Each structure stands twice: as C-alpha cells, then as structure tokens.
Amino acid sequence: MTSPLHASVPAGLGSTKPDGHARLTTWIRECIALCEPDQVFYCDGSAAEKEFLTTEALRMGVFIELNQQKLPGCHLHRSHPNDVARVEQFTFICTPTKEEAGPTNNWSAPDEMRARLKGLLKGAMKGRCMYIIPYMMGPAASPLTQVGIEITDSVYVVLNMHIMSRMGSAAYQRLGADGDFNKGLHSTLDLNPDRRLICHFPQDNEITSVGSGYGGNALLGKKCLALRIGSYLAKRQGWMAEHMLLLSAESPAGRKHYIAAAFPSACGKTNFSMLIPPKHFAGWKVATIGDDIAWMKPGADGRLYAINPEFGYFGVAPGTNYLTNPNAMKSIQRDTIYTNVAMTEDGDVWWEGKDGAPPAKCTDWKGNPWTPESKEKAAHPNSRFTAPATNNPALANEFELASGVPISAIIFGGRRASTVPLVYQSFDWEHGTFIGATMGSEMTAAAAGTVGKLRLDPMAMLPFCGYHMGDYFTHWLEMGKKLTQPPLIFGVNWFRKSAEGKFLWPGFGENMRAMKWMIDRCEGTADAKEMPIGHLPEPKDFDFADMEGFTTSDFEKAIAYDAAGWQADYRLAGEFFDKLGGRCPSGLKDRLAKQKARVG
Ligand code: SAT
Ligand code: MN
C-alpha cells in the first residue's frame, strides 16, 4: 500500500503556522494530541503546494491521471462506493437544547456527541498526515467574510479546498491575534458508514465530521460552515445564509439586475447561474456570481446585498453538456477535480448526458469495465466536478466585490412534476417567505434517500438550516421589515410534466424568458393576472416568440392554475407548520389559512 505520509516535503512547504493567535494554536495542539498524526502539514494555499500535493495524491492513488493534453491539470477521484453523497441521517445539530435544533434536524446533546466523537478520533490519524487548512469564505475585503480552519487527514479535501475556498495564509492575516474562526475537524476514519457523523456545534462555531470523504460531508467550508453554521450566525448577527445561486442579468440597454435563486441540490442551480440567453435575446448578458450559496445583508439604502462565499463550483456532472451548460463545460476543461465520473480509454472523462455518443468501452465510476450494454450507469448520478470559478467564461465582474450586489429578485424553485406553474410572483415579502417556506421538491441523488419522493424543502434549506426552522422563518419575516426596498419574490418550476410524463418547458437557456418577465416585473413594465396563488403572466405578458414548436397552448399548460393540486400542497404545508409547533410564526400560519381559503 502507498503511504499517506509525505516522504520528503520541499523546503518552504507545509510549514506556514499561524502566529500569535493563542486560541487557534491551542486548538490545533489539542487536535494533534487527540488524533495522533505521524505528520502535520500546515497549508499555505500556494500554487507550489497544490502542485506538490497533486503529485502526492497521484502517488497515493487518491487521484487518477487523466489525459493532460485534453484536460490539463485535471484529475479523477473515485470515492468509496458507500460514500457518494451527503448523509442527512448522520448529520447532527448539537445545540445545548433539542428545541433549538428543531424537529427537522437530528440533535444530540453537545457533551454526549463530543465524547462519542473523541472516542472515534482518538489516535485516528496514526500513520497519516494531518493537514491544517486556513481558508476564507467570501472575498478577503468583505465584511461578510468568515474565516475557517479545517483540520483533515484527506489530501483530496485539501485539493478541493484549494479550489472551493480562498485558502491560505491570508486567512491568518484576517484573523489577526484574536479573530473568530470556525473550527472544523475532519477525519475519514475507515469510511465505515456506521462511524459516519457530520456534527455541528453552532454555539461554539465548530464542526466535527468523521467517516466520510465526500463533498458536503468533508469540505467543511461549504454546507457545514457556509449554510448550517452560517445560518445560525446570520440569525444572531442580522444577515442571511441561503442555499442560492447569484447572477447578474444585463439588458442590451445596459440595465443590470442581480438575482438570487434557491433550488434544492441537483435541481439546476449551476445551469441557471451560467445561463446563456437564446438568440431571441441578443444583447442580453447573464454573468455568474455564485452557483450554490449566498450570504446577504441589508444595506444602508434598505436594499439586500449579497456575496457568494465560495471560490469554485462543486457541480453535478451527469446531464452537463455543451447544449445544457456550455459555460460549465468550458469551466471544467482544466484544473478540475472529477469525482466518480467514468474514464475513457484515452484518459478523457465521460458521464451520462455528456455530448456525443457513449464510448464503446470505458471504465465506470467504480473502476470496472463498462460498455453501453452495461446495466449500471458509467458515472454515479451524483458524480461531480470541482472547478475554479475563475475558469468560468461568464464569471461576473462583481465576483470579488466586497460590498456584495443589491438583489432585485429572489426566486424559489423545486422539482415538481405537477401543480407549481412555470413562474409566478408573490404578493409581498411575507407571501414570498410563505412561498419559500412551503416549497416542495422531488428528492435527487445529491443526498442518500428515495430519489423522486416529494418532500417539503423550505427555501431549499431543509438539510442545511442550523437551527429551528420556525425561528428561521421568523428571521426571514424580520429581515423583510429591515428592507425598505425589498427584492420581489417569485416561484418557478422548470420541471412540470404533462399527463403523458413529458416536460412542459424546455428549461436551460430558455429559462431566460421567465427571468425576463421577472425583470420586467421588477421594472414595473410587465403585466400579470392576479390569481389565488400570486401574480401569473398571461400569454401576452410572456415572450415565447421564436421557440420552435412551442405554442400558446403549451405556455398555458406550463402556467396552468391547478386548484386541487394547491389544496394538496397546502395540506402538506399545514402538516409541516404543525410539526414546527409554537415556533412557526403566526404570520405564516395566517397566510396559510388565507391561501387555503383563496384556492377553495
Ligand atoms: O455534497 S454537497 O453537499 O456539497 C452537494 C450538494 O448536495 O449540493
Ligand atoms: Mn447545494
């Protein structure tokens, strides 16, 4: 077996220690004493470090070489077949009381969980290298930015954090002598699912994750810090941490709007954030600020300002191609880590839904021979690419803007075969909060569970809210009161199907059309019809010109109002609100009663 230790580390690497921050130094010392690594590597985030650790990852077999002519700087990683997605059943919010975590989170008493984790971590890094990763979530100069330190025994995690966060010594500089930081301790242990726990201690700004090496379970800056801990901090400090993409849309006349949109995992956030307007919208420019997470705060002018705390994309590979998302395809041609995709004979990557015919032969995500006749998929449905945001040809100029961008519109969307129309607008902020709070979505492969099962996923935050969901709703309503120029709030559904099971809307670039109507609503230039569920566009209000084979009747089906469907949705919402008990804000309960009466 290849050693996970580094036999010789080039001079100057692995040795940039934090200096003069007593709490940080003490915590690192405690982690070393607990985990007993054979080697400690202090990361500095440099290109030389990335190069060295990449070579080492190849030596260890953590990375598999890809064709460097075709895909320079790209590598393949195969995770353990039992470790391919987030694990909500093993994810815990360890607040002092169960009530604070609420009924939608797994909870454990902090002391009990700490004792259990200590037992699992005792000596866990014997024979391994421990990496100390300083990183920032957010631009270096932004007041919204948070510093995290992730301690891990996975070189795969280090190399992903190089792409996904602003990693390196600048994080120590931002901390100074006494700055607050997120403590993240991660060990893959032996990848045994019985010892897999993703634990958050929000009151201590601390995360401990064991037993998984995959994505959101292991890259602690992402879902763990930026959403679960982030949402908890946001509630206390008066900002919002949301599972939202961020984009800018500029009209041919040069008018720009910034839009934030919440969709559950694997429902097209990356595609939407990189959208290329169809020919019909010549002159429109859409640029990506973020594809997954938004941190937002009211500005002095009463508008809501947002940053993307991340530095890269951890996107779903299957279905990504030059038709569905050309900008993503261009982003992943170099310096990208591929996880659990298939590999062709010439060292290229492949997945279901990539351009062109499937290869006659390839190696599947588990490393087995695959042909188009094989029963199993070549790439795992939740296979991913980790790509630097700076690779994206459509990256917005505002990506590094410390103040963030003022949001014109917030969109909520789930994956719904029925009921929810293509696009509709809420009556006001409170009703928009209600739309977010009651949104449902069919489950995807991004989390272990039953794919296709409908569940309520409020604001796409069900797996990511670090405290009681009822208090989270209250926070949304409170934030609305602070905004004198609040964003308009919309609901969308790109996934509605006909009775025959065919998608009613083509999606992808054509989503520009729905966005155009939303922008026109922000500018006060588009009409809508008031319906029980909100304002809906009529055919005359919505531009579906030049859509091949798409007729007024197709549009009417995509937008149709389905009273019986809404009654069923509101029943589900009522059950969910009941589950939240007294912490569900009365504003939303009253809204539900009103909406129920409206849909009849
Ligand atoms: O694995 S992640 O949580 O980072 C991806 C996702 O589920 O959105
Ligand atoms: Mn996500």
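Reader: What makes the area between domain 2 and domain 3 count as buried, and how much is there?
Author: Buried area is the accessible area (1.4 Å probe) that two parts lose on being put together, summed over both. In this predicted model, domain 2 and domain 3 bury about 1100 Å² between them, 62% of it on carbon and sulfur atoms.

Reader: Where do the bounds of domain 2 and domain 3 come from?
Author: From an automatic or database domain assignment. The assignment gives domain 2 as 241–312 + 395–599 and domain 3 as 314–391. Their C-alpha centres lie 29 Å apart.

Reader: How many residues are in contact across domain 2 and domain 3?
Author: Contact means heavy atoms within 4.5 Å. On that test, 12 residues of domain 2 touch 16 residues of domain 3.

Reader: How many salt bridges are counted between domain 2 and domain 3?
Author: The count is 0. A salt bridge needs a side-chain nitrogen of Lys or Arg within 4 Å of a carboxyl oxygen of Asp or Glu.

Reader: Why is helix 13 called largely enclosed?
Author: Buried means under 20% relative accessible area (1.4 Å probe, protein chains only). 10 of the 13 residues of helix 13 pass, so the rest of the structure largely encloses this helix. Among them are M512, W517 and I519.

Reader: How do you know that the span of helix 13 agrees with its length?
Author: Helices are DSSP runs (H or I, at least four residues), numbered from the N terminus. The expected span is 1.5 Å times one less than the number of residues. For residues 511–523 that gives 18 Å; the end C-alpha atoms are 19 Å apart, which agrees. G524 follows, with a positive phi near 75°.

Terms used
Residues numbered from 1 in each chain as written. Chains lettered and ligands numbered in written order. Predicted model: local features only at pLDDT ≥ 70, side-chain atom pairs only at ≥ 80, totals over all residues. Heavy atoms only, no water. Helix = DSSP H or I, 4+ residues; strand = E, 2+ residues; numbered from the N terminus. Buried < 20%, exposed > 50% of the residue type's maximum accessible area, 1.4 Å probe, protein only.
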